[in-house]
Amino acid sequence: MRSRIAAAIVGAGLLAACGGQSGTPGTTSAPASAAKPAANAGQPLATVGDRTITQGDVETHVAARLIELDNERYEAMRQGLDELVAEELFAQEAKARGVTPEVLEEQEIVAKIPEPNDADVQKVYDENKDRLQGQTLDQIKPRIVAYLKQQSEAQRRDAYITELRGKHKTTISLRPPVVEVATAGRPEKGGKNASVTIVEFSDYECPFCKRAESVVDQVMSAYGDKIKVVFRDFPLPFHANARPAAEAANCAAAQGKFWEYHAKLFANQAALTPDKLNAYAGEIGLDGAKFSECLAQKPHAAAIDKDIEDGQKVGVSGTPAFFINGRMLSGAQPFEKFKELIDEELAAAGKS
């Protein structure tokens with residue numbers, strides 16, 4: 001949260017994921033076409049000698065880019081729809097009150113935005129001082145005030161639009177595209193019959209994956225058995241210790257202690273050498289001999305490879321990447337982003 005505030009104040013971008021994802025975190029959604037071959041997948045698009053390249057071949061090759069484009073289209077559609085819905089809500093409410101939409105906005109939005117006080121400004125400055133590039137409070141105060149006012153206005157506007165949606169019956173039919181992501185029998189926690197399944201692709205050496213762990217814990221605490229989290233490995237090739245750590249976690253899973261070992265790995269992310277991997281096994285009470293043999297034999301290599309392959313098929317290019325009932329959420333996202341998607345999925349399932 002503090003990093004996002006600092007970035008908003010100073011106008012800096014944030015890296016949110018290891019690998020191919022960058023920029024300020026945002027919600028994205030993957031298309032069904034990424035998992036289901038199109039009806040015309042066999043249509044030939046080119047021939048090279050005796051080799052025919054089909055539409056399906058191309059779609060598989062550029063799956064990540066197609067997903068990105070589909071995400072952008074959905075986000076543009078959703079933003080446009082939200083704007084039109086808000087405009088219509090304001091128009092109908094203004095007509096009912098006998099005022100203009102501009103007057104209504106002044107009365108219900110602008111007039112109800114509190115002016116940030118010195119304590120509010122000081123608090124933001126103190127919490128983000130180390131990220132504000134050495135600027136003094138006097139130098140940065142106008143930006144902090146503007147930031148706080150923008151936040152207050154956005155919160156008030158959202159709250160008022162929610163009020164208006166209740167008053168003027170509003171339904172949204174636009175649904176995000178989704179992709180089918182198999183759980184593949186991988187480690188899971190949460191409700192067996194949960195309405196929402198979160199499939200996570202992660203890398204034990206990725207600092208953003210470690211950051212995301214606390215948010216996943218927060219999500220689990222908030223939703224309990226309403227959700228289920230499934231962990232799938234996606235060790236990135238430039239993280240030398242990520243693959244051995246994934247192998248070790250799978251060996252721990254074979255002894256029934258995946259989540260305990262999983263937590264150890266993220267808690268000790270800077271120390272994932274082979275000797276440490278064995279030491280962590282002892283710390284959580286695993287059979288040391290069986291664990292060492294498992295690490296040497298690598299019986300779970302194919303499962304990890306399958307995780308990587310399945311992730312690539314649905315557009316994973318960086319970690320962490322989450323699929324919430326098939327809706328993709330990339331990078332180390334804040335709790336609010338998870339909440340937004342989970343609440344929508346629970347509402348769609350009639351479980352909100």
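E115 sits out in the open: with 54% relative accessibility, this residue counts as exposed. Its place in this predicted model is the loop between α4 (101–108) and α5 (118–128). From there E115 reaches K149 through a salt bridge, with the closest N and O atoms 3.6 Å apart. Since K149 belongs to helix α6, the pair ties together parts that are 34 residues apart in sequence. K149 is a little less clear-cut in its surroundings, as a relative accessibility of 34% makes it partly exposed.

Helix α6 also carries Q155. This residue counts as exposed, because its relative accessible area is 54% and the cut-off for that label is over 50%. Measuring sticks aside, Q155 and P101 are 54 residues apart along the chain, and their C-alpha atoms are separated by 19 Å.

Another part of the charge story centres on E345. What does E345 pair with in a salt bridge of 3.2 Å, N to O? The partner is R175, and the two meet through their side chains. E345 lies in helix α13 (residues 335–348) while R175 lies in the loop between α6 and β4, so this pair ties together parts that are 170 residues apart in sequence. Is E345 buried or exposed? With a relative accessible area of 7%, E345 falls under the 20% limit and is therefore buried. R175 comes out as partly exposed, at 43%.

E345 has a salt bridge with R327 as well, and here the N to O distance is 3.0 Å. This pair, too, links distant parts of the chain: R327 is in strand β9 (residues 327–330) and E345 in helix α13, 18 residues apart. R327 is buried, with a relative accessible area of 2%. Elsewhere, salt bridges that share partners join up into one network made of E93, R97, E108, K112, R156, E163 and K167. Taken over the whole structure, the salt bridges number 29. As a rule, side chains of opposite charge can pair when their charged atoms come close.

R186 makes a polar contact of another kind to look at. This arginine is found in the loop between α6 (137–167) and β4 (188–190). Its relative accessibility is 10%, so R186 counts as buried. The side chain of R186 meets that of N250 in a polar contact of 3.0 Å. Which residues surround R186, once neighbours within four places in sequence are left aside? The contacts are V230, F231, R232, D233, N250, A303, I304 and D307. N250 thus turns up both in the polar contact and in the list of contacts.

Empty space inside the model is easy to sum up. The structure holds one cavity of 30 Å³ or more. About 30 Å³ of space lies in the largest cavity, and the residues lining it are I198, V216, V219, V229, F322 and F338.

Finally, a word on confidence. The protein chain averages a pLDDT of 89, and 90% of the residues score at least 70. Residues 21–35 are a stretch where the pLDDT is below 50. Even so, beyond near neighbours in sequence, that stretch has 57 contacts in the model.

Terms used:
Residues are numbered from 1 along each chain as its sequence is written. This is a predicted model: local features need pLDDT of at least 70, side-chain atom pairs count only at pLDDT 80 or more; totals for chains, interfaces and linings use all residues. Side-chain values use heavy atoms; hydrogens and water are left out. Helices (H or I, at least four residues) and strands (E, at least two) are DSSP runs, numbered from the N terminus. Buried means under 20% relative accessible area, exposed over 50%, partly exposed in between (1.4 Å probe, protein chains only). A polar contact is a pair of N or O atoms within 3.5 Å; within protein, one must be able to donate a hydrogen and the other to accept it, and residues adjacent in sequence count only if both atoms are side-chain atoms. Contact means heavy atoms within 4.5 Å. A salt bridge is a side-chain nitrogen of Lys or Arg within 4 Å of a carboxyl oxygen of Asp or Glu. pLDDT is the predictor's confidence in each residue, from 0 to 100. On a 1 Å grid over the protein atoms alone, a cavity is a set of points where a 1.4 Å probe fits but cannot get out, and a pocket is an open set with protein on both sides within 12 Å along at least five of seven lines; lining residues have an atom within 4 Å of a point. Grid points are joined across faces, edges and corners, and a volume is the space filled by probe spheres set on the points.
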